[in-house]
Amino acid sequence: MLIEFSVGNFKSIKEIETLSMHASNLQPKYPHLEVNNLFDKRNEGLKILKSKAIYGANASGKSNIYKALYAFKEIVENSVGNEEILSRNINPFRLCNSTEKEPSFFQIQFIIDDVIYRYGFLADKKKIHSEWLFKKVERETLLFTREGEESEINNSQFSEGEILKEIFKKSEDNIAQNSYLFLTFVAKVLNGKISSELLSYISNEITLVSGLDSYLNKKNAESFIENEDQKSILVSLVKAADMGIDNIDYVVYNNDDNVDDEEKLKLVFALKKKYDQDNKESGVQTMSFDFEESKGTQKMFELAPYIINTLSNGGLLFIDEFDSRFHSLLTKKIVELFNSKSNTKAQLVFITHDTNLLSSKLLRRDQISFASRDKYGVSHFYSLAEFKGVRSSSSYENDYIHGKYGAIPSLNDFEEFFVTEDG
């Protein structure tokens, strides 16, 4: 379960900014938000948010927190055996002379089995500058730190790391070891117990989805419905979204044993009831998802597997461009699903422009964040809970549209560009 993710010197993010899932002590107007919208981790003394909305103007940098988490995941998963992973994913803030050659900062805090872990690293396009891992049960304890070629290992708490320390001492390949993450190497090469558990969490329980990446999401959905039980749940979800569909099925072309699964062509179609002139059922009509269904229906089909898997198995689902092609009532219903008593282990973070979700009945103040860009091109992130004088009964939507919280575009007069001398 995610507590927070921090990043600095990455794309438009210059200083360290944090996506926090900590719940504040502010009391919402509606009591159900204090119960339904939180995970209450009494053992750790934590209250963690089930969902977080991120708002901001176009080009404010709100998607860069998503891209930073994507880069973090890529580097953690692939730093061993991929010499280009850093150069492909590290992208420092380039509008300042003092940062463009400095390393980027990444840090994550999360909970596994009542233990809080804090893990992070500093890296540029060529090497890992430093790396650290701490855990907290009653108090925070160091597991390892690494600064350049120097490292400190807590042998009693992280004995699996001592082996790597000895390997690096004997290694002449300093270039390779400088591009490795300690955590990744111990997990993948040495099968370290703690490292493997943390790598598994980062790889499998943090799901990043672009709401506009239709091809990748479509391929994932096509694989998802090959399982009949999964397909049944997906159909129920799509039907509940009022898409006018009774069932979903598919056919596979070039289904040859010699053809890789990725090369097989799968045609997905919707099944709908057909009626005669007296409005009596006369059969079933098949309609191609790709060519005969709306973009909104296609997107619901594509996002449904991620929603189902996260709610069923737990973890974090982070969706960029969440509301594109969706009616606001549908986005609201999905957010309500994550903010419900039935959700006991899933988190949702989403980037949106849908101001209809800015409701004190739906979201707590600490569940609403904003991104803004200053005149120097630097992105800043902040929560509605940080604003003084905002009451739990305030109209968040109205206040946001009228600029009370910032994070809206400063638009000039468009009409003057089209005024002619005669006009």
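Student: In which strand of this predicted model is valine 251 found?

Tutor: Valine 251 belongs to strand S12, which spans residues 247–253.

Student: Why is valine 251 called partly exposed?

Tutor: Its relative accessible area is 32%. Buried means under 20% and exposed means over 50%, with partly exposed in between, so valine 251, at 32%, is classed as partly exposed.

Student: Which residues form a nonpolar patch on the surface with Val251?

Tutor: Val251 is joined there by Tyr253 and Leu265, and together they have about 270 Å² of accessible area.

Student: What makes the pair aspartate 249 and lysine 231 a salt bridge?

Tutor: The closest N and O atoms of aspartate 249 and lysine 231 are 3.9 Å apart. The cut-off for a salt bridge is 4 Å, so the pair qualifies.

Student: Why is this pair said to tie together parts of the chain?

Tutor: Aspartate 249 lies in strand S12, whereas lysine 231 lies in helix H9 (residues 228–240), so the pair links parts that are 18 residues apart in sequence.

Student: Are aspartate 249 and lysine 231 buried or partly exposed?

Tutor: Aspartate 249 has 28% relative accessibility and therefore counts as partly exposed. Lysine 231 has a relative accessible area of 8%; because buried means under 20%, lysine 231 is buried.

Student: Which residues are joined into one network by salt bridges that share partners?

Tutor: The network consists of Glu34, Lys47, Arg364 and Asp366. The structure holds 17 salt bridges.

Student: How do you know that lysine 73 and glutamate 77 meet in a salt bridge, and where do they lie?

Tutor: Their side chains meet at 3.5 Å, N to O, and the limit is 4 Å, so the contact is a salt bridge. Both residues lie in helix H2 (residues 62–78), four residues apart, about one turn of the helix. Lysine 73 and glutamate 77 are both buried.

Student: What makes glutamate 84 partly exposed, and with which residue does it form a salt bridge?

Tutor: The relative accessible area of glutamate 84 is 49%; because exposed means over 50%, glutamate 84 remains partly exposed. Its salt bridge is with arginine 88, the closest N and O atoms being 3.8 Å apart.

Student: How are two packed helices described?

Tutor: They are described by the angle between their axes and the distance between the axes. For helix H8 (residues 214–224) and helix H11 (residues 295–313), the axes come within 7 Å and cross at roughly 60°. The crossing of H8 and H11 is left-handed. Among the residues that meet are Leu216 and Phe224 in H8, and Phe301 and Tyr306 in H11.

Conventions: Residues are numbered from 1 along each chain as its sequence is written. This is a predicted model: local features need pLDDT of at least 70, side-chain atom pairs count only at pLDDT 80 or more; totals for chains, interfaces and linings use all residues. Side-chain values use heavy atoms; hydrogens and water are left out. Patches are made of residues with over 30% relative accessible area and no salt bridge: like charges are joined within 9 Å, nonpolar side chains (Val, Leu, Ile, Met, Phe, Trp, Tyr) within 5 Å. Accessible areas come from the Shrake-Rupley method with a 1.4 Å probe; for residues, only the protein chains shown count as cover. Helices (H or I, at least four residues) and strands (E, at least two) are DSSP runs, numbered from the N terminus. Buried means under 20% relative accessible area, exposed over 50%, partly exposed in between (1.4 Å probe, protein chains only). Axes are lines fitted to C-alpha atoms, for helices over the stretch in contact, and angles run from 0 to 180 degrees between N-to-C directions. A crossing is left-handed if the near helix is turned anticlockwise from the far one by less than a right angle, and right-handed if clockwise. Contact means heavy atoms within 4.5 Å.
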